[in-house]
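Student: I would like a close look at the aromatic residues of one protein, in a single connected answer.

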Amino acid sequence: MKLKQDFFTELPGFYSQVYPQGLSNPHWLAWSDDAAQLIGLTKPTDELLLGLSGNAAVEGASYYAQVYSGHQFGGYTPRLGDGRSIILGEALGPNGAWDVALKGGGPTPYSRHGDGRAVMRSAVREFLVSEALHHLHIPTTRALAVIGSDTPVWRESEETGAITVRLARSHIRFGHFEYFCHSERGQADKLTQLLNFTICQHYPHLSCDLAGYKAWFLQVVKDTAQMIAHWQAVGFAHGVMNTDNMSILGDSFDFGPFAFLDTFQEDFICNHSDPEGRYAFGQQPGIGLWNLQRLAQALTPIIPSDDLIAALNQYQGALVQPYLKLMRAKLGLPERVSPTPDQDQQDLELIGQFTVLMEKNQLDYTQTWRRFGKLDPSAKHSSLRDDFIDIAAFDSWYQAYQSRLGQVADIERWQTERNQINPKYILRNYLAQEAIVAVEEGNLAPLERLQLVLRNPFDEQVEHEDLAKRPPDWGQGLIMSCSS
Ligand code: AMP
Ligand code: MG
């Protein structure tokens, strides 16, 4: 692994240097060949195991925890920072550099009352979801590996510590800008320094002047909107959309109590610490805007408010357009050449009516979409019909759908295309849970199988059909806690 140290050398004062505390008896629990390729690695070696478990120095690593703040559940926390994640530097790969971070590597100056550790179950979940989202073509940070250990970690009971080796194009969060706005009240120096660094590293086509800053912020608005459009289309609830968990690059980031929807439910809450549903599935688009508004506020010392507001005003369109594109593809509706606002509105209504029907009939979100891959859209009665208890309501929706769809020239091709957008396999919470229980019992096979299947979520993979099933009773509506 070849590391460079741009953040570390160019931004002193934006982090604390801190060394990981080694896990005892480290062993590989998971490894992603796909993620390894990104940074030019091939296989999990003993040397890497020692280095990435914090038991030996990694050549070229600087070891630091970044400082940032953030709005958590709506309230501002002036200083957060990496409480349990230590960055080694930026690893060079064939297509760019990736921050390498040891999540769960031990305490840092930002740990507050925490122990700096991650437990195995949360490390495995972060690993699985990072790779699953990637293979669903959703922008996300990646995970190279999970390292398990004998190190005891106390949560509600004694568990074991683990490290997720996270790869991120950047670890810069909305919260970084909030910290350097508020901590440096009245001085824009550090904020500007951070912004210039971000632009140089990740937006090389933009200039480090006001014109560049304005274009940059608009890009952040668009990237965030695009990410959330993907979440809403695939049925993914992040669970903790605090501004410190929002990547400036619009990558899905910092996973905790996330969930993919099983039964479709607009107000689904996956986070035990969120009884009021601030981060419920259907709230995500609005929270994305709220978070961007906090980022905009932090940027007011260097970008005029009018320009920030103008960019924020583009958020809704920047979310709705990719969302419409994804949902039209899921339904197999032809893209309109240059749709009028009325036509967009009609399509949104058609989509909304369908998800309402799914919710009323308690249908599985993923399975229902997948059935479009077997649908003959020219048939008078749809093969989906029998899934709906309120058949009359379905029939009336289906009629509207058919008239919008028009004639499909090549039905087989149309069906194949539906299967390329509607996944068969998603990381259902109960599947993650089953894999975790097996790991606790020393059996890595279910985790490896799940990882393998989620690499090709759009393929039939008939021998793994059972992993496409709805959850059993115990696995329905699992709500995870933040404390992991
Ligand atoms: P999260 O909700 O996981 O994004 O965490 C919010 C903040 O709490 C971040 O600053 C984390 O670094 C910190 N944190 C979470 N868990 C721990 C832990 N076990 N030890 C220290 N800090 C933690
Ligand atoms: Mg976080």
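Student: Which residue lies over the face of W290, and at what distance from the ring centre?

Tutor: R278 is the residue over the face of W290, and 4.5 Å separates it from the ring centre. This is a predicted model. A second arginine is placed in a similar way: the charged end of R418 sits over the ring of W414, at 5.1 Å from the centre of that ring.

Turning to ring against ring, the whole structure contains 34 aromatic pairs. One of them joins Y398 and Y401, with 5.8 Å from centre to centre and 40 degrees between the planes. The pair counts as tilted because planes under 30 degrees apart would be stacked and those over 60 edge-to-face. Both tyrosines belong to helix α13, which spans residues 391-405, and they are 3 residues apart, about one turn of the helix. Y398 and Y401 are both buried. They are also members of one aromatic cluster, together with F264, F281, F354, Y365, W369, F372, F388, F394 and W397.

Away from the rings, helix α16 (residues 445-454) has its own buried residues: L447, L450, Q451, V453 and L454. These cover an arc of only 165 degrees around the axis, so they lie on the same side of α16. Among the elements that cover the buried residues of α16 are β3 (27-31), α4 (120-135) and α15 (429-440).

Finally, the magnesium ion (ligand 2) has two protein donors, OD1 of N245 and OD of D254, at 2.0 to 2.2 Å. N245 counts as buried because its relative accessibility is 9%, and D254 counts as buried at 13%.

Methods. Residues are numbered from 1 along each chain as its sequence is written. Chains are lettered from A and ligands numbered from 1 in the order in which they are written. This is a predicted model: local features need pLDDT of at least 70, side-chain atom pairs count only at pLDDT 80 or more; totals for chains, interfaces and linings use all residues. Side-chain values use heavy atoms; hydrogens and water are left out. Donors are N, O and S atoms within 2.8 Å of the metal (3.2 Å for Na, K and Ca); water is not among the atoms, so sites may look incomplete. Buried means under 20% relative accessible area, exposed over 50%, partly exposed in between (1.4 Å probe, protein chains only). Helices (H or I, at least four residues) and strands (E, at least two) are DSSP runs, numbered from the N terminus. The arc is that of the directions from the helix axis to the C-beta atoms. Contact means heavy atoms within 4.5 Å. Rings of Phe, Tyr and Trp (its six-membered ring) pair if their centres lie within 6.5 Å; planes under 30 degrees apart count as stacked, over 60 as edge-to-face and the rest as tilted. A charge sits over a ring if NZ of Lys or CZ of Arg is within 6 Å of the ring centre and within 35 degrees of the ring normal.
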